[in-house]
Amino acid sequence: MNAKWKIAILAMLGLSTAACCSTKRAKKGEDPKPTETENQMDDPRIMLMYGVPFPDGEVVRPVEEESAIEAKEEGVPFEDGRVVHPISEEEAAKLIEELKASEKAE
Amino acid sequence: MQVKGKRLGIRKHLGLKLFKGLYDGVVERHELRTLFWECTLRCNLKCRHCGSDCRVDVSEQDMPLADFLKVLDEEVTPNVDPAKVLIIFSGGEVLVRKDLEEAGREVTKRGYMWGMVTNGMGLTRERLRSLVAAGLRTVSVSFDGFEDIHNYIRQNPSSFERARQAIAYIREIKGLTYDVITCATPAIMDRLDQWKEFLISEGITRWRIFSVFPAGRAKRDETLHLAPEQFRTLMEFIRKTRKESRINLSYACEGFLGGYETEVRDNFYMCTAGITVASIRVNGDISGCTSVRGNYTQGNIYKDRFWDVWQNRFKPFRDREWTKCDECADCKVWEFCRGGGMHLRDDKGKLMYCHYNMLK
């Protein structure tokens, strides 16, 4: 009996997760179809005696850095209370044109 | 309803029979998935339950980073997909090494994930952030119980507070995988529920419990060993807590647990030492888990080629027929247990502790 059959029977017994270690699960709104690599049986990741949990696969980032990124999207606060918002490339081009026009006029 | 201790039941028995075949496949493939680097034996604590192999001289110098990287570059990386291999820095206490960040950066540069186990004593917010910047992906912190219990075991009056603070710093890092590890001793048994509530109130989401096995310093200290009825209570506690789903709790990989298989851990029991797990010890010895006794060493990086050792030795790890002796000789669950964890075998190969027999 090959591994796939064994997993299938274990699934029927409600024990498949105990025998294989596919940590990838479809999140809400995601396509639940497994990819080719997800279909392959992976060796179980056992939590070892002096080991560490297997990384969850997220990007590791200090919390402050995270909030700094959000702040940039909302605008960067200055000490005098001004908040400077980043502008798009189109807005920047428009601004340059306006500056050039005002320079010519002067 | 309580699990009937040792009794497996038809469903689990059938499941284990099928899993046995899958386990054989894992043994046959013996793909390296976890590599411990015992980078130091130095430690800033002297814990009562330390299972360190006392045959190893603690005055042993730290292994130079360059020696470990040489093994990675010449032996490991050409033969594995680094993205699939987790490197665990272990000790001693890893934070005593000043070049841990450099080690982390080098390992990350080669495409490996890495993690570490710490007692938290030396973990400041700044140190943690520099480790995260060096690619730290996962960390475990020892947290053995309320202040009196933790400090007793760790033999240091500030160890509880330092561990608690370290966990708080870790929780500040988004995406950093972590868990806390509690060594269950008789002292915590009456307060397990309060301890659980404390951990939840601290915002901890992942928790692992292990119990002491008679090796290293713990061998002679009776205050650390659970009686069979306490062990059974512990299993029931873990089972109940997992059903509540308020905190992700599991029992460590230690031994086969009869009727508690899949009830207290996510997976069926299997000891992966030497099968998917290797370690490079501080003196260059090549073995399975770092918790396995010194005389199961399979080679040494200063004398042998690591990959050759990994591929061609490790026979006592991959073929465990030799464990079928003494109390295991006629055991009806040997086919599922295969003699228990390799770390539970003493220098002569005798089983020091049987988890299954504790479930009377």
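**Stop 1: a pair in chain B**

Start by selecting K196(B) and E244(B): their side chains form a salt bridge, with N and O 2.9 Å apart. This pair ties together distant parts of the chain, since K196(B) sits in helix α8 and E244(B) in helix α9, 48 residues apart. Keep in mind as you look around that this is a predicted model.

Is K196(B) buried or exposed? K196(B) is buried, with a relative accessible area of 2%. Its partner E244(B) counts as partly exposed, at 32% relative accessibility.

**Stop 2: a second partner for the lysine**

Leave K196(B) selected and add D193(B). The side chains of K196(B) and D193(B) also meet in a salt bridge, at 3.4 Å from N to O. Both residues belong to helix α8 of chain B, and because they are three residues apart there, about one helical turn separates them. D193(B) is partly exposed, with a relative accessible area of 36%.

Now widen the selection to D193(B), K196(B), E197(B), K240(B), E244(B) and R246(B). You are looking at a network of salt bridges that links these residues. As general background, side chains of opposite charge can pair when their charged atoms come close.

**Stop 3: along helix α8**

Next, select residues 192-201 of chain B, which make up helix α8. Which residues of this helix are buried? They are L192(B), W195(B), K196(B), F198(B) and L199(B). These residues lie on the same side of α8(B), because they cover an arc of only 160° around the axis.

To see what that side packs against, show α6 (159-171), β6 (177-184), α7 (186-189), β7 (206-211) and α9 (228-244) of chain B. Then look just past the helix: α8(B) is followed by G203(B), which has a positive phi, near 85°.

**Stop 4: strand β7 and its neighbours**

Select β7(B), residues 206-211. This strand is mostly covered, with five of its six residues buried. What does β7(B) pair with? With β6(B), it pairs in the parallel sense over five bridges; here you can pick out T182(B), whose bridge partner in β7(B) is I209(B).

Strand β8, residues 248-251 of chain B, also pairs with β7(B) in the parallel sense, over four bridges. Select W207(B) to find it opposite L249(B) in β8(B). Now trace the chain from β7(B) through α9(B) to β8(B): this β-α-β crossover is right-handed.

**Stop 5: a salt bridge between far-off parts of the sequence**

The whole structure holds 34 salt bridges over all chains. For one of them, select K17(B) and E335(B), where the closest N and O atoms are 3.3 Å apart. K17(B) is in helix α1 (residues 10-29) and E335(B) in helix α12 (residues 334-337) of chain B, so the pair links distant parts of the chain, 318 residues apart. K17(B) is partly exposed, with a relative accessible area of 40%.

**Stop 6: an arginine without a salt bridge**

Finish at R320(B), in the loop between α11 (315-318) and α12 of chain B. Which side chain of opposite charge is nearest to R320(B)? It is D319(B), 8.1 Å away; R320(B) is buried yet has no salt bridge. Leaving aside residues up to four places away in sequence, R320(B) touches C271(B), A273(B), I275(B), W334(B), R338(B), G340(B) and M342(B). Select that group to see what surrounds the last stop on the tour.

Notes:
Residues numbered from 1 in each chain as written. Chains lettered and ligands numbered in written order. Predicted model: local features only at pLDDT ≥ 70, side-chain atom pairs only at ≥ 80, totals over all residues. Heavy atoms only, no water. Buried < 20%, exposed > 50% of the residue type's maximum accessible area, 1.4 Å probe, protein only. Helix = DSSP H or I, 4+ residues; strand = E, 2+ residues; numbered from the N terminus. Arc of directions from axis to C-beta. Contact = heavy atoms within 4.5 Å. Salt bridge = Lys/Arg side-chain N within 4 Å of Asp/Glu carboxyl O. Lys, Arg positive; Asp, Glu negative; His and termini not counted. Pairing = 2+ DSSP bridges. Right-handed = clockwise from strand over helix to strand, strands pointing away.
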